[in-house]
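Trainee: Could you take me through one part of this model in detail, namely the chain B sheet and what surrounds it? I'd like the cut-offs along the way.

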Amino acid sequence: MSVQIEIAEEYCIARLIGEIDHHNAKELREAIDNAVMTGQVQELDLDFREVSFMDSSGIGLVMGRYKLMQELGGSLHLVNIAGHLKKVMMLAGLDRLAILDKPEQRRRKVLSAEPASEEEMAETRSVEEELEEIPLEIGGEEA
Amino acid sequence: MKPINAMKVQFEGRSVNEAFSRTAVAAFVAQLDPTVEELADIKTAVSEAVTNCIVHGYRDRLGVVYISANLYPDRRIQIKVRDKGCGIPDIQRAMEPMYTSAPEEERAGLGFAVMQSLMDRVKVVSKEGKGTTVTLERSIRCKGE
Ligand SMILES: Nc1ncnc2c1ncn2[C@@H]1O[C@H](COP(=O)(O)OP(=O)(O)O)[C@@H](O)[C@H]1O
Ligand SMILES: [Mg+2]
């Protein structure tokens with residue numbers, strides 16, 4: 001089990017890799033909370049794409065980070081939840097917290113530490129543009 | 001009904017063995033050719049039961065966790081997870097969703113709820129000071145059924 005953490009301004013994405021159980025939940029929790037506190041993170045995404053197993057220890061991990069982000073006046077989103085993970089999260093009622101499956105286009109692009117090339121800068125701007133467009137799509141006129 | 005196959009495994013209640021235990025049971029169940037989903041359900045339920053032995057049963061000591069699994073001709077699997085730890089004073093209360101006696105470690109109190117929703121049957125027998133046995137049952141469907 002491991003976690004890859006990237007921070008850009010007050011946005012943080014933590015990519016969880018492997019199996020989440022009681023044995024490794026503590027280490028994950030410490031790594032994530034450490035990044036959130038030192039980076040003064042306001043928007044935390046937990047990415048479950050590479051998680052192959054999770055039991056209720058994972059629910060504890062999510063609930064704990066949810067509470068932390070609430071205390072900090074920030075937000076938490078869970079991304080790439082599928083199959084078995086979705087089942088466990090649904091039965092824990094995590095869907096009621098409205099933190100599941102943040103739409104792809106809403107995710108902020110994480111800037112790498114190296115200076116971005118001009119191409120990348122252009123791409124970044126277009127993501128920002130997409131963000132601007134989202135409200136127009138809600139209840140939109142598309143058939 | 002007599003089982004057509006059976007296995008037993010016992011190990012020290014160290015948290016690193018949580019992964020070992022669910023993988024061992026999954027490997028045994030594999031002979032029924034379960035779906036990915038059925039296997040994930042069983043692994044998750046076993047992980048919950050074993051974690052409870054380690055976290056609650058043997059709170060601050062090291063003890064042995066015992067697992068036995070029986071396969072029956074009707075494609076039913078029965079798994080028993082047992083500890084000789086502190087026991088559960090009030091089983092009904094312990095099984096209530098969100099109840100946990102260890103909130104400080106971010107336990108969600110959902111272990112039994114998870115077991116109950118993923119298995120066909122969950123039975124808990126416990127005696128204070130003697131230990132706890134959790135019996136999990138699940139039918140594995142025939143593929144193409
Ligand atoms: N093997 C066990 N030995 C002693 N107590 C147990 C055992 N299993 C469960 N319990 C009790 O039942 C409660 C609920 O268990 P569970 O639903 O798995 O939630 P959690 O493990 O998150 O506390 C535990 O907090 C504990 O008090
Ligand atoms: Mg538990």
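Mentor: Sure, let's start with the sheet in chain B: five strands, open, in the order β1-β2-β3-β5-β4, paired antiparallel. Here helices (H or I, at least four residues) and strands (E, at least two) are DSSP runs numbered from the N terminus, and two strands pair if DSSP finds at least two bridges between them. The edges belong to β1 (5-12) and β4 (121-127) of chain B; each has a single partner strand, so one side of each has no neighbour in the sheet. On average, neighbouring strands are turned by 10 degrees against each other, direction ignored. For angles, axes are lines fitted to C-alpha atoms (for helices, over the stretch in contact), and values run from 0 to 180 degrees between N-to-C directions.

Before going on, the ground rules: this is a predicted model, where local features need pLDDT of at least 70 and side-chain atom pairs count only at pLDDT 80 or more, while totals for chains, interfaces and linings use all residues. Residues are numbered from 1 along each chain as its sequence is written, chains are lettered from A and ligands numbered from 1 in the order in which they are written, and side-chain values use heavy atoms, with hydrogens and water left out.

Back to the strands. β3 (residues 76-83) and β5 (residues 131-139) of chain B run antiparallel and are joined by eight bridges. Within that, Gln78(B) sits opposite Glu137(B) in β5(B). Two helices pack on this sheet. Helix α2 (residues 36-57) of chain B touches β1, β2 (64-71), β3 and β5 of chain B, and its direction makes about 15 degrees with that of β3(B); contact means heavy atoms within 4.5 Å. Helix α4 (residues 111-118) of chain B touches β4 and β5 of chain B, at about 30 degrees to the direction of β5(B).

Some of these elements turn up again in the largest pocket, which holds about 850 Å³ of space. The recipe uses a 1 Å grid over the protein atoms alone: a cavity is a set of points where a 1.4 Å probe fits but cannot get out, a pocket is an open set with protein on both sides within 12 Å along at least five of seven lines, and lining residues have an atom within 4 Å of a point. Grid points are joined across faces, edges and corners, and the volume is the space filled by probe spheres set on the points. Of the 46 lining residues, Asn52(B), Val55(B), His56(B), Ser101(B) and Ala102(B) are the closest to the centre. Elements giving two or more residues to the lining are α1 (22-38) and α2 (56-71) of chain A, plus α2, β3, α3 (91-94), α4 and β5 of chain B. The largest share, eight residues, comes from α2(B). By class, the lining has 21 nonpolar, 13 polar and twelve charged residues (Ala, Val, Leu, Ile, Met, Phe, Trp, Tyr, Cys and Pro are nonpolar, Asp, Glu, Lys and Arg charged, the others, Gly among them, polar).

The second largest pocket has about 330 Å³. Of its 18 lining residues, the closest to the centre are Ile59(A), Met63(A), Lys67(A), Met98(B) and Ala108(B). Here α2(A) gives the most, with five residues.
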